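Me: I would like a close look at a single part of this model, with the details joined up rather than listed. Please take the structure below as the starting point.

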Amino acid sequence: MLEVLAPCPGHVIAMSEVDDPVFSVGAVGPGVGIEPRPGQTAVVSPVDGVLIKLSPHAFIVLVDDEIGVLVHIGINTVRLDGEGFELLAAEGDRVEAGTPVVSWDPGSITDPDMRDTVIVAVMDQEPDSLRIDEVNHDVDAGRVLFRLV
């Protein structure tokens, strides 16, 4: 069983509530959204693995060469071209759950076409493959968000 931890503090919402049609229908995979707390925040790896993809607004950690966990920092934040994000790790790094990967301030998102929601999804998994207990709760970084069963 794989435990996926919160990459940042905030309020957990169901994936169906995420304000992005690709994520809300589970097209990337099942998971949750986190409405982050304002202020400069380090977004950490939610699992142990290898950073196989890293851009300022998103990263993927590969677990045991088979399961990809996506952390997408904000919605439409790709349009910022990295402005306001600081990379704290590098693509190819082996990381542990809790390793800081990206720093940003969710309060800096002021464009009405962007959201500060942080999405955590287990890629290419069935919708019923997760046991999620934290929806509608506040979490701190490092707390278990859900389990892949």
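Is Glu3 buried, partly exposed or exposed, and at what relative accessibility? Please go on from there to the surroundings of Glu3.

Reply: The model is predicted. Glu3 counts as partly exposed, because its relative accessibility is 39%, between the limits of 20% for buried and 50% for exposed.

The salt bridge of Glu3 is a suitable place to begin. Its partner is Arg147, and the closest N and O atoms of the two are 3.1 Å apart. This pair links distant parts of the chain, since Glu3 is in strand β1 and Arg147 in strand β14, 144 residues apart. Arg147 itself counts as buried, because its relative accessibility is 17%, and buried means under 20%.

Arg147 also forms a salt bridge with Asp133, with 3.8 Å between the closest N and O atoms. Asp133 lies in the loop between β12 and β13 (138-139) and Arg147 in strand β14, so this pair ties together parts that are 14 residues apart in sequence. Asp133 is partly exposed, with a relative accessible area of 43%. The side chain of Asp133 meets that of Arg131 in a further salt bridge, at 3.9 Å from N to O. Arg131 counts as partly exposed at 39% relative accessibility. Taken together, Glu3, Arg131, Asp133 and Arg147 are linked in a network of salt bridges. The count of salt bridges for the model comes to six.

The strands behind this network form a sheet. It is an open sheet of three strands in the order β1-β14-β12, with antiparallel pairing. β1 and β12 (130-132) stand at the edges and have a single partner strand each, so one side of each is left without a neighbour in the sheet. On average, neighbouring strands of this sheet are turned by 25 degrees against each other, direction ignored. β12 and β14 run antiparallel and are joined by three bridges. The bridge partner of Arg131 in β14 is Arg147, and these two arginines also belong to the salt-bridge network.

Next comes Ser129, in the loop between β11 and β12. Ser129 is buried, with a relative accessible area of 9%. Its side chain reaches the backbone oxygen of Glu126 at 2.6 Å. Leaving aside neighbours within four places in sequence, Ser129 is in contact with Pro30, Arg147, Leu148 and Val149. Arg147 thus appears among the contacts of Ser129 as well as in the salt bridge with Glu3.

β14 also leads to the nonpolar interior. The largest nonpolar core has 34 residues, and Phe59, Ile73 and Leu145 are those with the most contacts inside it. Among the strands that each supply at least two residues of this core are β1 (2-5), β11 (115-122) and β14 (144-148). β7 gives the most to this core, with four residues. Not counting residues up to four places away in sequence, Leu145 touches Val4, Leu5, Ala6, Pro7, Val12, Val32, Ile34, Val120, Ile132, Asp133, Glu134 and Val139. Asp133 is therefore a contact of Leu145, where contact means heavy atoms within 4.5 Å, and a salt-bridge partner of Arg147. Apart from the largest core lies another, of eleven residues, including Ile13, Val18, Val28 and Ile60.

Terms used
Residues numbered from 1 in each chain as written. Predicted model: local features only at pLDDT ≥ 70, side-chain atom pairs only at ≥ 80, totals over all residues. Heavy atoms only, no water. Core = buried A, V, L, I, M, F, W, Y, C linked by side-chain atoms within 4.5 Å. Buried < 20%, exposed > 50% of the residue type's maximum accessible area, 1.4 Å probe, protein only. Pairing = 2+ DSSP bridges. Axes fitted to C-alpha atoms, helices over the stretch in contact; angles between N-to-C directions. Polar contact = N/O pair within 3.5 Å; in protein donor to acceptor, adjacent residues only side chain to side chain. Salt bridge = Lys/Arg side-chain N within 4 Å of Asp/Glu carboxyl O.
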